[in-house]
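Here's a quick briefing to read alongside the model. Pull up the structure and follow along.

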Amino acid sequence: MKVIPLHQEENEIIQLAVDNNRQAQQLIYNKFAPKMLGVCRQYVKDLHHAEDLMITAFMKVFANLKKFEHKGSFEGWIRRIIINECISYIRALKKVSFLEEVTFIEEGFNSIDSSFNVDEIQFLIDALPDGYKMIFNLYAIEGYKHQEIATMLGVTEGTSKSQLSHARKFLQQEITRLKGYQNGTK
């Protein structure tokens, strides 16, 4: 059994993992799993389902590792597989629907009030309907453009923009409501 030092170059570890070296695969999993679980959790409310999705996605990562071309970040490549696995899961449940709307409102919602902690922000995002949440995550958190989102989800670019606008409006309303409770005005 070959021992892999932690300081070894990422490309060498990837190559060892391609060759089915279990220690290399474990190193990759240990390094990226916590962050990728967070990505899964952004799309799926239930932590256990998010963990299952992450593990399934990592199986795909290792099965397709030889296809990684070293032309971008390895983490980004893994992240894309994770996101696609989450989207596939949500689609399989047929829980997501998108309203085809051409009109959208681009409002000044660029950040969430810093008085909320991470759990409260995640709670707000979890409260979004699935279609809104998926597009909000892809656009606001992952940084995809509307054209990319439309292609990924099989919707129009206008639908992507509309869903994002509705998600932002929903979040603004919930933030205003929560602030009212915090300030004792509601």
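What follows covers one helix, a set of aromatic rings and two backbone oddities.

Keep in mind that this is a predicted model. The points below start with helix α3, which runs over residues 47-63, then turn to the 6 aromatic pairs in the structure, and end with N20 and H70, where phi is positive.

**Helix α3**

- With 17 residues at 1.5 Å each, α3 should span 24 Å, and its end C-alpha atoms do sit 24 Å apart, so the expected and modelled lengths agree.
- The buried residues of α3 are A50, L53, M54, A57, F58 and V61.
- Looking down the axis of α3, those buried residues fit within an arc of 140 degrees, so they line one face of the helix.
- Flip to the other side of α3 and you'll find H48 and M59 exposed.
- The cover over the buried residues of α3 includes α2 (22-43) and α4 (74-93).
- At the N-terminal end, D46 acts as the cap of α3, with a side-chain oxygen 2.9 Å from the backbone nitrogen of H48.

**Aromatic rings**

- There are 6 aromatic pairs in the structure.
- One of them is F32 with F74: the ring centres are 5.6 Å apart and the planes meet at 80 degrees, which is over the 60-degree cut-off, so the pair counts as edge-to-face.
- That pair ties together distant parts of the chain, since F32 belongs to helix α2 and F74 to helix α4, 42 residues apart.
- Both partners are out of the solvent by the under-20% criterion for buried: F32 has a relative accessible area of 5%, and F74 comes in at 2%.
- F74 also pairs with W77, this time stacked, at 6.0 Å centre to centre and 15 degrees between the planes.
- F74 and W77 are both in helix α4, 3 residues apart, or about one turn of the helix.
- Ring pairs join F32, F68, F74 and W77 into a cluster.

**Positive phi**

- As background, most residues other than glycine have a negative phi.
- N20 has a phi near 65 degrees, a positive value in a non-glycine residue.
- You'll find N20 in the loop between α1 (10-18) and α2, and its relative accessible area of 49% makes N20 partly exposed.
- H70 is another non-glycine residue with a positive phi, near 60 degrees.
- H70 sits in the loop between α3 and α4, and at 40% relative accessibility H70 is partly exposed.

Notes: Residues are numbered from 1 along each chain as its sequence is written. This is a predicted model: local features need pLDDT of at least 70, side-chain atom pairs count only at pLDDT 80 or more; totals for chains, interfaces and linings use all residues. Side-chain values use heavy atoms; hydrogens and water are left out. Helices (H or I, at least four residues) and strands (E, at least two) are DSSP runs, numbered from the N terminus. The expected span of a helix is 1.5 Å times one less than its number of residues. Buried means under 20% relative accessible area, exposed over 50%, partly exposed in between (1.4 Å probe, protein chains only). The arc is that of the directions from the helix axis to the C-beta atoms. Contact means heavy atoms within 4.5 Å. A polar contact is a pair of N or O atoms within 3.5 Å; within protein, one must be able to donate a hydrogen and the other to accept it, and residues adjacent in sequence count only if both atoms are side-chain atoms. Rings of Phe, Tyr and Trp (its six-membered ring) pair if their centres lie within 6.5 Å; planes under 30 degrees apart count as stacked, over 60 as edge-to-face and the rest as tilted.
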